[in-house]
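Subject: A structure to explore

Hello,

Here is the structure I promised to pass on to you. Please open it beside this email, and then read on for what turned up in it.

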Amino acid sequence: MTDFDPATFANVGPKEFAQLVKSTPDDKIAQVMSGDMRGKILGEVFNRMPSLFRADRAGSTNAVIHWIVTGRPDGGSDTYEVVIADGKCHVNETPQHDPKLALTMGPVEFLKIVSGGANPVMMFMTGKLKAKGDLGLAANIANLFDIPKA
């Protein structure tokens, strides 16, 4: 599977998804993420987050993180809320709490981060990822999830 076919996304595991993102040119990812499948792809990624959460690494971390993915077809952005509390992680499609950390990025950058294909610190330094709030949490966030590698 070498073509980023959004219709098959829900049927592939995290490692296969990471391989798809890695092998697909940025412009093709951007095209798919500006179309009808954007919501389905974002929904699938966020629905998987609780199963990839590493409670053993979280310790006493309690945080609300807003993931803001820009580049919606209407010019807006999608915001998902990840709540880490009491050794558990859950996701809200609509933010319900004030965030300890807000991460803003484009759809290509988002998919590269969640598939292990990008260095968030470098993206932050180059302005492709914006972080507002607890920067220590931002630097540690990748350690809280079992991010697949392609």
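Let's begin with the largest pocket, which holds about 290 Å³ of space. Bear in mind throughout that this is a predicted model. Twenty residues line that pocket, and the closest to its centre are Ile113, Val114, Phe145, Ile147 and Pro148. Three helices each give two or more residues to the lining: α1 (14–23), α3 (38–52) and α5 (107–114). Of the elements, α3 gives the most, with 4 residues. By class, the lining of the largest pocket has 16 nonpolar, 1 polar and 3 charged residues.

Next, try finding the second largest pocket, with about 190 Å³ of space. Among the residues that line it are Trp67, Leu103, Ile113, Phe124 and Leu129. The elements giving two or more residues here are α6 (120–125), β5 (129–133) and α7 (135–140). Its lining is made up of 12 nonpolar residues, with no polar and no charged ones.

Now for the inside of the protein. In general, nonpolar side chains tend to be buried together in soluble globular proteins. In this model, the largest nonpolar core has 37 residues, and those with the most contacts inside it are Ile65, Trp67, Val82, Leu103, Phe110, Leu111 and Phe145. Helices α1, α2 (26–33), α3, α5 and α7 each give two or more residues to this core, as do strands β1 (63–69), β2 (78–85) and β4 (101–105).

Helix α3 deserves a look of its own. It has 15 residues and reaches 21 Å from its first C-alpha to its last, close to the 21 Å expected at 1.5 Å a residue. Which of its residues are buried? They are Arg38, Ile41, Leu42, Gly43, Val45, Phe46, Arg48 and Met49. What covers them includes helices α1, α2 and α5, together with strands β1, β2 and β3 (88–92).

Finally, please click on Leu129, in strand β5. Is Leu129 buried or exposed? Leu129 counts as buried because its relative accessibility is 8%, and buried means under 20%. Leaving aside neighbours within four places in sequence, Leu129 is in contact with Leu103, Thr104, Met105, Ile113, Pro120, Met123 and Phe124. From the other side of that list, Leu103 has contacts that include Leu129, Ile65, Trp67, Ala138 and Ile141, with the same kind of neighbours left aside. For a sense of distance, the C-alpha atoms of Leu129 and His97 are separated by 22 Å, and these residues are 32 apart along the chain.

Enjoy exploring!

Best wishes

Conventions:
Residues numbered from 1 in each chain as written. Predicted model: local features only at pLDDT ≥ 70, side-chain atom pairs only at ≥ 80, totals over all residues. Heavy atoms only, no water. 1 Å grid on protein atoms, 1.4 Å probe; cavity = no way out; pocket = protein on both sides within 12 Å on 5 of 7 lines; lining within 4 Å. Points joined across faces, edges and corners; volume = space filled by probe spheres on them. Nonpolar A, V, L, I, M, F, W, Y, C, P; charged D, E, K, R; others polar. Core = buried A, V, L, I, M, F, W, Y, C linked by side-chain atoms within 4.5 Å. Buried < 20%, exposed > 50% of the residue type's maximum accessible area, 1.4 Å probe, protein only. Contact = heavy atoms within 4.5 Å. Expected span 1.5 Å × (residues − 1).
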